[in-house]
Amino acid sequence: VTILVPTYRRPSMLRRALVSVIGQTRNDFIVCILDNASDDGGTERVAREFTARDARFRYIRREKNIGGVENLILGLRLVETKYFSYLADDDIWMPEFLEKAVFSLEKNEDAGFFGATCICVEVCGAPYLFTGPAHADGFYPCPESARVLWERGWPQQAAVLYRSEALKAVGEVPRILGFDLYLLTAIALKQGAVFSAEPLAFFTINPASASSSRNVDSVLKEWLFLRDAIAGHYAAPDESKDKLLRAWEKRMPGQIRMMTMLSLVRMENGDAARGVRLMRGYGRITWSGNIIGISVYLACLGAPVSRLISTAFRYRMKAFTFFRKSRFFLRYRLTKSGYWLAYRLTKGGAATN
């Protein structure tokens with residue numbers, strides 16, 4: 001297995017991610033640390049610490065920052081093993097991720113990738129949400145595997161292991177932030193996939209990530225690209241493509257809605273207004289969408305009102321997250337060992353930096 005770890009100026013989190021790799025129960029892997037021209041000193045120091053003590057680790061530093069997507073796509077050219085995965089520097093694996101992922105792909109030779117459930121955690125390590133294909137467990141042939149992705153939800157990249165041959169069959173990887181969902185969809189339309197309902201990784205909801213700093217138009221561009229890729233896929237039956245496109249139509253307005261709220265929080269009112277127009281254009285305005293629309297109108301009245309709206313939506317998001325964390329704690333703290341493992345793993349790696 002080749003493990004690609006793109007990183008930029010997050011030495012504590014990088015250490016945490018690499019510690020989780022070393023702790024895997026399967027150890028035949030190569031780790032390529034892809035440093036996107038970090039200038040903090042700490043990132044390189046952590047990377048070289050691991051390469052000095054373990055020959056399986058390699059450090060590649062870009063001369064200049066080429067963007068997160070390009071950094072990872074260039075890293076894909078380094079893959080020469082049968083399988084590969086990429087682990088963001090703020091995500092971590094449970095100890096048995098690689099072992100179970102490789103075993104599943106060896107057992108199901110038609111599968112192009114393995115995708116497990118993730119536990120979403122805050123930067124501090126507090127878990128509050130499961131994410132991944134709901135109620136999907138086992139091998140799904142194509143194109144049913146693609147339908148599972150779009151109708152039940154897709155695995156976060158922190159919990160995906162790819163068969164390298166599947167990547168070759170996809171061809172050129174697009175330079176969009178949502179290229180991971182494109183990869184999963186393209187592979188699922190050509191090959192089968194194995195899903196696991198067992199949580200095997202932690203995905204960090206990080207406000208400093210690139211996905212949190214996008215605007216409405218960038219999200220629209222990504223999702224229109226995905227729609228065109230599905231519609232133009234020559235190998236998929238028309239019936240399957242129609243089902244995927246209907247799922248796309250249901251999910252896309254929700255992505256626009258989320259980015260519209262984030263734009264209100266950032267006081268980017270023009271971008272938020274663009275989001276409301278798009279939601280109306282796609283006919284997906286609900287009662288909450290109407291509230292967002294009214295909020296955008298009020299925010300445009302002046303800076304004092306805009307700051308008030310920004311604060312209201314910021315606390316709305318915090319309240320929603322608090323509710324999810326509380327529900328997760330009450331439901332899983334006594335029955336799921338992963339709850340306490342989240343705290344131990346997410347805090348233990350950072351504490352050693």
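This is a short tour of a predicted model, stop by stop, with selections to make in your viewer.

**Stop 1: a hairpin.** Select strand 6 (residues 111-121) together with strand 7 (residues 127-131); the two pair in the antiparallel sense over four bridges. At one end of strand 6, look across from Val-121 and you will find Pro-127 of strand 7 standing opposite. Now show the five residues between the strands, where Gly-125 takes a positive phi near 105 degrees.

**Stop 2: the cores.** Stay with strand 6 and display the side chain of Phe-113, one of the residues with the most contacts inside the largest nonpolar core, along with Trp-150, Tyr-162 and Trp-223. That core has 64 residues, and helix 9 (residues 238-265) gives the most to it, with 10 residues. Which residues does Phe-113 touch, leaving out those up to four places away in sequence? Its contacts include Leu-105, Leu-149, Val-160, Tyr-162, Ile-187 and Phe-195. Next, select Phe-97, Ala-158, Ala-159 and Leu-200: they belong to a second, separate core of 33 residues.

**Stop 3: two packed helices.** Bring up helix 8 (residues 216-231) and helix 10 (residues 269-281), whose axes are 9 Å apart and cross at an angle of about 40 degrees. The two helices are therefore oblique to each other. To see where they meet, show Val-216, Asp-217 and Leu-220 from helix 8 against Asp-271, Arg-274, Gly-275 and Leu-278 from helix 10. Coloured by type, the residues of this contact divide into three nonpolar, one polar and three charged.

**Stop 4: backbone oddities.** Most residues other than glycine have a negative phi, and most peptide bonds are trans. Here are some exceptions to click on.

- Ala-37 sits in the loop between strand 2 (30-35) and helix 2 (42-53) and has a positive phi of about 65 degrees. Is this residue buried or exposed? Its relative accessibility is 13%, so Ala-37 counts as buried.
- His-135, in the loop between strand 7 and strand 8, also has a positive phi, of about 60 degrees. His-135 counts as exposed because its relative accessibility is 79%.
- Cys-142 and Pro-143 are joined by a cis peptide bond with omega about -5 degrees; Pro-143 lies in the loop between strand 8 (138-140) and helix 5 (144-152).

**Last stop: a distance.** Select Ser-12 in helix 1 (residues 11-22), which counts as partly exposed because its relative accessibility is 26%. Then pick Asp-238, 226 residues away along the chain, and draw a line between the C-alpha atoms: they are separated by 48 Å.

Note on methods:
Residues are numbered from 1 along each chain as its sequence is written. This is a predicted model: local features need pLDDT of at least 70, side-chain atom pairs count only at pLDDT 80 or more; totals for chains, interfaces and linings use all residues. Side-chain values use heavy atoms; hydrogens and water are left out. Two strands pair if DSSP finds at least two bridges between them. A nonpolar core is a set of buried Ala, Val, Leu, Ile, Met, Phe, Trp, Tyr and Cys residues joined through side-chain atoms within 4.5 Å. Buried means under 20% relative accessible area, exposed over 50%, partly exposed in between (1.4 Å probe, protein chains only). Contact means heavy atoms within 4.5 Å. Axes are lines fitted to C-alpha atoms, for helices over the stretch in contact, and angles run from 0 to 180 degrees between N-to-C directions. Angles under 35 degrees count as roughly parallel, over 145 as roughly antiparallel, 65 to 115 as roughly perpendicular and the rest as oblique. Ala, Val, Leu, Ile, Met, Phe, Trp, Tyr, Cys and Pro count as nonpolar, Asp, Glu, Lys and Arg as charged, and the others, Gly among them, as polar.
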